[in-house]
Amino acid sequence: MSHPPAEFGAREAALEALLAFYVDAGVDLALDEAPHDRFAEPDRPQPRGEQARPAPAPSDPRQPAPAAASPAAPAFAAAASADETALAARATARGATSLEELREALAAFDGCALKATAKNLVFADGTPGARVMLVGEAPGREEDIQGKPFVGRSGQLLDRMLSAIGLDRGSVYIANIVPWRPPGNRTPTPQEAAICRPFIERQIELCDPDVLVCLGGPSAQALLGVREGILRTRGKWFDYETGRRAIRALATLHPAYLLRQPAQKRLAWRDLRALRKVLDETAGAPQG
Ligand code: URA
């Protein structure tokens with residue numbers, strides 16, 4: 001029997017490390033060894049909105065020219081299958097009757113490509129049924145490794161923010177709009193966020209908190225339907241319909257942003273005080 005050469009293991013390990021580096025950096029497309037002059041390729045599909053060839057003049061100038069059929073077809077097919085995936089996600093999420101069932105359903109769900117590059121599903125931390133539920137954007141490297149949200153540097157800041165108003169991980173419930181780490185910590189695409197949305201919506205419904213806190217713009221946009229940036233929406237109160245009832249929802253600055261812009265902590269502090277006030281005012285009040 002022939003053995004692999006001694007250096008084989010080292011080379012394989014180096015290639016594996018290089019591949020892991022590419023995945024971490026967000027590279028998801030393999031390129032050829034030889035360069036291509038894309039401008040010289042005659043059959044290159046035209047970017048959306050550009051005509052491949054001059055369209056024949058319409059016989060009636062009031063009628064639009066016929067659409068270029070073939071380039072549009074694959075895009076339509078992709079959109080249809082994304083819709084089907086979103087429908088499947090909705091049905092799967094609706095079928096879960098407890099947070100544990102939801103976690104299992106999510107772990108078995110293959111409709112989001114992020115699952116393929118993530119190490120772990122990052123479902124939640126904290127206490128199900130807590131009065132406060134915080135929802136971030138997506139797990140980072142540390143969260144992916146540990147399978148828990150907000151355990152990296154921004155998580156440590158979040159812990160300090162919570163403690164400033166008398167809360168901790170045991171007294172809140174924490175999740176993300178997307179439960180798998182996007183490669184290289186990039187922002188989840190709108191498609192990824194849309195596919196995962198039924199799961200976080202069901203998670204909120206099953207947790208049934210008194211107050212929902214959206215951490216950062218992507219979370220506020222996905223859950224509160226706002227279009228403006230977080231600096232405009234932070235500090236405002238919204239009604240979030242869980243499906244069972246309307247709960248109060250607050251958008252605030254993401255801890256990762258505060259690590260980059262520490263001067264903005266004063267705004268986050270205002271939001272935290274507003275959250276504390278609402279919790280105190282509604283303590284013991286019947287839900288509804
Ligand atoms: N940032 C997030 O939005 N979520 C995490 O879990 C960690 C960092």
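**The ligand and its shell**

By class, 4 nonpolar, 4 polar and 2 charged residues form the shell around the ligand. This is a predicted model, where local features need pLDDT of at least 70 and side-chain atom pairs count only at pLDDT 80 or more. Residues are numbered from 1 along each chain, and side-chain values use heavy atoms, without hydrogens and water.

User: Why are Glu137 and Glu143 counted among the residues around the ligand?

Analyst: A residue is near a molecule if one of its heavy atoms lies within 4 Å of it. Glu137 and Glu143 are on that list, together with Gly136, Ala138, Pro139, Pro149, Phe150, Ser154, Asn176 and His254.

User: What makes the pair between Glu137 and the ligand a polar contact?

Analyst: A polar contact is a pair of N or O atoms within 3.5 Å. A backbone N or O atom of Glu137 lies 2.8 Å from a ligand oxygen, so the pair qualifies. Ala138 has a backbone N or O atom 3.1 Å from a ligand nitrogen. For Phe150, a polar backbone atom is 3.0 Å from a ligand oxygen.

User: How much of the ligand does the protein bury?

Analyst: Alone, the ligand exposes 230 Å² (Shrake-Rupley method, 1.4 Å probe). The protein buries 92% of that.

User: What is the mean pLDDT of the protein chain?

Analyst: The mean is 83, on a confidence scale from 0 to 100. Of the residues, 72% reach 70 or more.

Definitions and conventions
pLDDT = per-residue confidence, 0-100. Polar contact = N/O pair within 3.5 Å; in protein donor to acceptor, adjacent residues only side chain to side chain. Nonpolar A, V, L, I, M, F, W, Y, C, P; charged D, E, K, R; others polar.
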